[in-house]
Amino acid sequence: MPRTARAFARFAILALAATSLGGCSFLGMNFAFNRMSEKECMMRAMYFESNRSSAEGMLAVGTVVMNRVGDPRYPKSVCEVVGQKNQFAQGVLSKPMTDSGAVLASQVADQVLRGSRHPGVQNAQHFHTAGLRFPYNNMFYVLEAGGNEFYEKRTVR
(Lines give C-alpha, C1' and ligand atoms only; values in the text may rest on other atoms or scores of the structure.)
Protein backbone atom coordinates (compact mmCIF):
# COMPACT_ATOMS: atom_id res chain seq x y z
CA MET A 1 0.00 0.00 0.00
CA PRO A 2 1.52 3.38 -0.98
CA ARG A 3 2.58 5.70 1.83
CA THR A 4 -0.10 8.31 0.98
CA ALA A 5 -2.87 5.71 1.07
CA ARG A 6 -1.66 4.43 4.45
CA ALA A 7 -1.59 7.97 5.86
CA PHE A 8 -5.08 8.62 4.55
CA ALA A 9 -6.34 5.33 6.02
CA ARG A 10 -4.84 6.23 9.42
CA PHE A 11 -6.48 9.65 9.32
CA ALA A 12 -9.84 8.08 8.38
CA ILE A 13 -9.57 5.66 11.30
CA LEU A 14 -8.77 8.52 13.69
CA ALA A 15 -11.68 10.58 12.35
CA LEU A 16 -13.98 7.58 12.77
CA ALA A 17 -12.76 7.12 16.33
CA ALA A 18 -13.48 10.79 16.96
CA THR A 19 -17.13 10.25 16.09
CA SER A 20 -17.45 8.11 19.20
CA LEU A 21 -16.56 11.11 21.34
CA GLY A 22 -20.02 12.64 21.12
CA GLY A 23 -19.90 16.42 21.02
CA CYS A 24 -16.16 16.53 21.69
CA SER A 25 -13.52 17.78 19.34
CA PHE A 26 -10.66 15.81 17.83
CA LEU A 27 -7.23 17.45 17.59
CA GLY A 28 -8.98 20.76 18.22
CA MET A 29 -11.33 20.27 15.27
CA ASN A 30 -15.08 19.95 15.71
CA PHE A 31 -16.66 17.56 13.26
CA ALA A 32 -20.06 19.06 12.45
CA PHE A 33 -21.54 15.65 11.64
CA ASN A 34 -20.43 14.45 15.05
CA ARG A 35 -22.19 17.02 17.21
CA MET A 36 -25.17 15.80 19.19
CA SER A 37 -28.44 17.62 19.08
CA GLU A 38 -29.87 19.26 22.19
CA LYS A 39 -32.50 16.53 22.20
CA GLU A 40 -29.94 13.71 22.19
CA CYS A 41 -27.94 15.32 25.02
CA MET A 42 -31.16 15.77 27.03
CA MET A 43 -32.22 12.18 26.33
CA ARG A 44 -28.87 10.86 27.49
CA ALA A 45 -28.92 12.84 30.74
CA MET A 46 -32.43 11.61 31.53
CA TYR A 47 -31.73 8.03 30.44
CA PHE A 48 -28.57 7.57 32.48
CA GLU A 49 -29.49 9.68 35.51
CA SER A 50 -33.05 8.51 36.19
CA ASN A 51 -32.33 4.79 36.00
CA ARG A 52 -34.89 4.74 33.18
CA SER A 53 -37.46 4.26 35.92
CA SER A 54 -40.24 6.68 35.10
CA ALA A 55 -41.33 9.61 33.01
CA GLU A 56 -41.58 11.62 36.25
CA GLY A 57 -37.93 10.93 37.11
CA MET A 58 -36.80 11.79 33.60
CA LEU A 59 -38.82 15.01 33.63
CA ALA A 60 -37.23 15.97 36.95
CA VAL A 61 -33.70 15.40 35.57
CA GLY A 62 -34.59 17.39 32.44
CA THR A 63 -35.88 20.22 34.60
CA VAL A 64 -32.57 20.38 36.47
CA VAL A 65 -30.71 20.54 33.15
CA MET A 66 -32.91 23.41 31.97
CA ASN A 67 -32.59 25.20 35.33
CA ARG A 68 -28.83 25.13 34.82
CA VAL A 69 -29.08 26.32 31.21
CA GLY A 70 -31.05 29.33 32.49
CA ASP A 71 -28.48 30.21 35.17
CA PRO A 72 -25.51 32.43 34.21
CA ARG A 73 -23.17 30.28 36.36
CA TYR A 74 -23.61 27.36 33.94
CA PRO A 75 -23.13 26.91 30.19
CA LYS A 76 -25.86 28.14 27.87
CA SER A 77 -26.69 24.92 26.00
CA VAL A 78 -28.09 21.55 27.00
CA CYS A 79 -25.09 19.67 25.59
CA GLU A 80 -22.58 21.89 27.38
CA VAL A 81 -24.43 21.49 30.69
CA VAL A 82 -24.72 17.71 30.32
CA GLY A 83 -21.09 17.47 29.22
CA GLN A 84 -19.68 19.38 32.20
CA LYS A 85 -16.99 17.38 33.95
CA ASN A 86 -18.09 15.53 37.10
CA GLN A 87 -21.68 16.77 36.92
CA PHE A 88 -23.58 13.89 35.34
CA ALA A 89 -23.09 10.12 35.07
CA GLN A 90 -19.73 9.04 33.72
CA GLY A 91 -19.98 8.38 29.99
CA VAL A 92 -23.37 10.09 29.69
CA LEU A 93 -22.48 11.40 26.22
CA SER A 94 -20.73 8.28 24.97
CA LYS A 95 -22.31 5.10 26.37
CA PRO A 96 -24.91 3.36 24.21
CA MET A 97 -28.56 3.55 25.20
CA THR A 98 -29.57 -0.08 24.89
CA ASP A 99 -33.13 -0.61 26.06
CA SER A 100 -36.64 0.70 25.70
CA GLY A 101 -35.86 3.47 28.20
CA ALA A 102 -34.44 5.38 25.23
CA VAL A 103 -37.93 5.60 23.69
CA LEU A 104 -39.34 7.11 26.90
CA ALA A 105 -36.31 9.44 27.18
CA SER A 106 -36.97 10.65 23.63
CA GLN A 107 -40.62 11.41 24.40
CA VAL A 108 -39.83 13.22 27.65
CA ALA A 109 -36.92 15.14 26.05
CA ASP A 110 -39.36 16.50 23.46
CA GLN A 111 -41.65 17.67 26.27
CA VAL A 112 -38.83 19.35 28.20
CA LEU A 113 -37.44 21.09 25.13
CA ARG A 114 -40.99 22.38 24.40
CA GLY A 115 -41.15 23.90 27.89
CA SER A 116 -42.52 21.21 30.23
CA ARG A 117 -41.03 21.24 33.73
CA HIS A 118 -41.54 19.12 36.82
CA PRO A 119 -43.23 21.49 39.31
CA GLY A 120 -41.74 19.71 42.30
CA VAL A 121 -38.17 20.44 41.16
CA GLN A 122 -38.78 24.17 41.53
CA ASN A 123 -35.38 25.92 41.16
CA ALA A 124 -33.24 22.90 42.03
CA GLN A 125 -30.04 22.51 40.05
CA HIS A 126 -28.71 19.46 41.85
CA PHE A 127 -29.64 15.88 42.64
CA HIS A 128 -28.10 12.67 43.89
CA THR A 129 -29.14 9.07 44.42
CA ALA A 130 -32.18 8.72 46.66
CA GLY A 131 -31.53 7.41 50.14
CA LEU A 132 -28.28 9.28 50.64
CA ARG A 133 -28.15 12.26 52.97
CA PHE A 134 -25.29 14.65 53.49
CA PRO A 135 -24.57 16.76 56.58
CA TYR A 136 -24.46 20.09 54.75
CA ASN A 137 -26.89 22.72 55.98
CA ASN A 138 -27.19 24.45 52.59
CA MET A 139 -29.00 21.54 50.86
CA PHE A 140 -32.77 22.07 50.76
CA TYR A 141 -34.50 18.95 49.42
CA VAL A 142 -37.55 19.58 47.23
CA LEU A 143 -38.40 16.25 45.55
CA GLU A 144 -37.68 12.54 45.33
CA ALA A 145 -38.37 11.05 41.89
CA GLY A 146 -36.84 8.51 39.54
CA GLY A 147 -34.44 7.19 42.15
CA ASN A 148 -33.01 10.64 42.87
CA GLU A 149 -33.27 13.35 45.52
CA PHE A 150 -33.48 16.85 44.06
CA TYR A 151 -32.27 19.83 46.04
CA GLU A 152 -31.54 23.52 45.97
CA LYS A 153 -28.37 24.95 47.42
CA ARG A 154 -29.32 27.87 49.62
CA THR A 155 -27.19 30.27 51.60
CA VAL A 156 -27.54 29.66 55.32
CA ARG A 157 -28.36 32.83 57.23
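Welcome to this chain, whose accessible surface comes to about 9,300 Å²; carbon and sulfur atoms account for 54% of that area. Keep in mind as you look around that the model is predicted. The chain has 157 residues, and 43% of them count as buried.

Let's start with the fold. Five helices and three strands make up the list of elements, and from the N terminus on they follow the order α-α-α-α-α-β-β-β. Among contacts between residues at least 6 apart in sequence, 55% bring together residues at least 24 apart.

Now for the inside. The largest nonpolar core holds 36 residues, and Met42, Met46, Val65, Val78 and Phe150 have the most contacts inside it. The elements in this table each give two or more residues to that core.

| Element | Residues |
|---|---|
| α2 | 38-49 |
| α3 | 55-69 |
| α4 | 78-82 |
| α5 | 101-113 |
| β2 | 139-145 |

The largest share, eight residues, comes from α3. Met42 is a good residue to click on: leaving aside residues up to four places away in sequence, Met42 touches Gly62, Val65, Met66, Val78, Ala109, Val112 and Leu113.

Finally, take a look at the outside. Leu132, Phe134 and Tyr136 make a nonpolar surface patch of about 320 Å². Phe134, one of these residues, sits in the loop between β1 (126-129) and β2 (139-145). Is Phe134 buried, exposed or partly exposed? Phe134 counts as partly exposed because its relative accessibility is 37%, and partly exposed covers the range between under 20% for buried and over 50% for exposed.

Terms used:
Residues are numbered from 1 along each chain as its sequence is written. This is a predicted model: local features need pLDDT of at least 70, side-chain atom pairs count only at pLDDT 80 or more; totals for chains, interfaces and linings use all residues. Side-chain values use heavy atoms; hydrogens and water are left out. Patches are made of residues with over 30% relative accessible area and no salt bridge: like charges are joined within 9 Å, nonpolar side chains (Val, Leu, Ile, Met, Phe, Trp, Tyr) within 5 Å. Accessible areas come from the Shrake-Rupley method with a 1.4 Å probe; for residues, only the protein chains shown count as cover. A salt bridge is a side-chain nitrogen of Lys or Arg within 4 Å of a carboxyl oxygen of Asp or Glu. Helices (H or I, at least four residues) and strands (E, at least two) are DSSP runs, numbered from the N terminus. Buried means under 20% relative accessible area, exposed over 50%, partly exposed in between (1.4 Å probe, protein chains only). A nonpolar core is a set of buried Ala, Val, Leu, Ile, Met, Phe, Trp, Tyr and Cys residues joined through side-chain atoms within 4.5 Å. Contact means heavy atoms within 4.5 Å.
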